[in-house]
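Me: Could you take a close look at one part of this structure for me? I'd like to follow the place where the two domains come together.

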Amino acid sequence: MLGEEEFTGGAAEEIEEGEIRLEDLEGVGRITAQKLRAAGYYSVKDLAFASAHELALILGSEDRAMAIIRAAQRLVSRGEEFITAKELFEKRKNVEYISTGVKALDDLLEGGIEVGSLTEFIGEFGAGKTQLCHQLSVMVQLPKEKGGLGARALYIDTEGTFRPERVVQIARAKGADPEKVLENIIYARAYNSDHQMLLVDEAKKYIEKNNIRLIIVDSLINHFRSEYPGRENLASRQQKLNRHISQLHKLASLYNLAVVVTNQVMAAPDIFFGNPLKPAGGNIMAHGFTYRIWFRKAKEGKRIARIIDSPKHAEKEAAFAISEDGVTDI
């Protein structure tokens with residue numbers, strides 16, 4: 001039974017989703033809404049993408065959690081649980097992209113970095129991953145006719161490699177005001193894996209208010225590798241890493257933004273022929289990202305980007321260079 005403070009009007013479905021408060025959902029009253037917000041669930045969309053297990057830890061009942069989630073899902077989907085592939089095809093015609101600022105890379109990715117998806121840059125040190133992350137934080141701010149979204153970026157730095165001086169160089173090369181570009185990058189340094197996950201949760205408070213359409217995590221796995229060494233810690237690390245990737249998926253879907261992360265490589269001593277390097281993170285990382293792109297150094301200062309996993313691209317590659325102006329075509 002719900003107490004008086006839990007009584008709700010139940011008129012949620014007659015209101016536009018953007019105007020709905022948590023209290024307007026059936027089964028959510030003032031006290032429950034306070035608990036949900038304190039746990040990081042600020043909107044109806046947050047609840048629609050929550051799991052019953054997560055919510056039950058807050059509400060004390062999995063049945064009640066499921067009822068609230070279903071009410072939120074009905075509102076968000078407008079009652080359309082299934083659509084035809086043709087309808088999805090038409091919807092995907094409106095998918096937005098952020099240009100990388102490099103024609104060869106944009107052609108490789110058939111438009112650039114896809115909004116609503118997770119893209120992973122893989123490579124050894126110096127391959128160009130962080131350089132491209134700096135450039136994307138500038139490109140997203142450009143108007144649509146120049147390949148951007150006229151929006152801001154949120155940058156989570158786990159290795160201390162973000163350099164605003166580099167952003168200034170790239171901004172000038174792109175004809176943008178460096179001061180404004182710096183103001184439009186929301187930056188945070190993550191000091192350990194728990195802090196990193198907390199920052200992603202806290203990002204919800206900034207995304208809509210600050211028009212953030214790109215989240216960068218450079219690098220995603222750094223703290224997880226250092227804090228959970230050895231096979232005896234592998235299961236714990238992978239479970240935690242899986243939760244973190246799930247956080248990022250929810251943000252991409254909830255707020256229609258692009259997520260870009262970098263990943264390190266590790267040596268595989270059992271490989272005697274071919275590339276002895278493989279992406280860190282194992283199957284959790286392999287299954288967690290929509291698009292995976294491997295960067296490597298080549299001769300004469302060139303870099304090669306190769307798509308190694310994608311639901312729509314062929315496995316192909318493109319060359320680019322790194323100069324004072326940023327990441328450029330050759």
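Reply: Here is a walk through the meeting place of the two domains, with a quick stop at some aromatic rings at the end. Keep in mind that this is a predicted model.

Let's start with who is who. The domain assignment splits the chain into domain 1, residues 22-77, and domain 2, residues 92-328. Their C-alpha centres sit 31 Å apart. Where they touch, 8 residues of domain 1 are in contact with 6 residues of domain 2.

How much surface goes into that? Domain 1 and domain 2 bury about 660 Å² between them, and 53% of that is on carbon and sulfur atoms. On the domain 1 side, keep an eye on Tyr42, Asp46 and Phe49: these three lose the most area to domain 2, together 68% of what that side buries.

Now for the polar side of things. The rule finds 1 salt bridge across the interface of domain 1 and domain 2. You can also look up the side chains of Lys250 and Glu54, which meet in a salt bridge at 3.1 Å, N to O. Between the two domains, 4 residue pairs are in polar contact. Sorted by class, the domain 1 side that touches domain 2 has 3 nonpolar, 2 polar and 3 charged residues.

And those rings? Searching the whole structure turns up 4 aromatic pairs. Take Tyr155 and Phe162: their ring centres are 4.6 Å apart and their planes are at 55 degrees, so this pair counts as tilted. Tyr155 is buried, with 0% relative accessibility, and Phe162 is buried too, at 10%. Finally, Phe121, Phe295 and Phe320 form one aromatic cluster.

Terms used. Residues are numbered from 1 along each chain as its sequence is written. This is a predicted model: local features need pLDDT of at least 70, side-chain atom pairs count only at pLDDT 80 or more; totals for chains, interfaces and linings use all residues. Side-chain values use heavy atoms; hydrogens and water are left out. Domain bounds come from an automatic or database domain assignment. Contact means heavy atoms within 4.5 Å. Buried area is the accessible area (1.4 Å probe) that two parts lose on being put together, summed over both. A salt bridge is a side-chain nitrogen of Lys or Arg within 4 Å of a carboxyl oxygen of Asp or Glu. A polar contact is a pair of N or O atoms within 3.5 Å; within protein, one must be able to donate a hydrogen and the other to accept it, and residues adjacent in sequence count only if both atoms are side-chain atoms. Ala, Val, Leu, Ile, Met, Phe, Trp, Tyr, Cys and Pro count as nonpolar, Asp, Glu, Lys and Arg as charged, and the others, Gly among them, as polar. Rings of Phe, Tyr and Trp (its six-membered ring) pair if their centres lie within 6.5 Å; planes under 30 degrees apart count as stacked, over 60 as edge-to-face and the rest as tilted. Buried means under 20% relative accessible area, exposed over 50%, partly exposed in between (1.4 Å probe, protein chains only).
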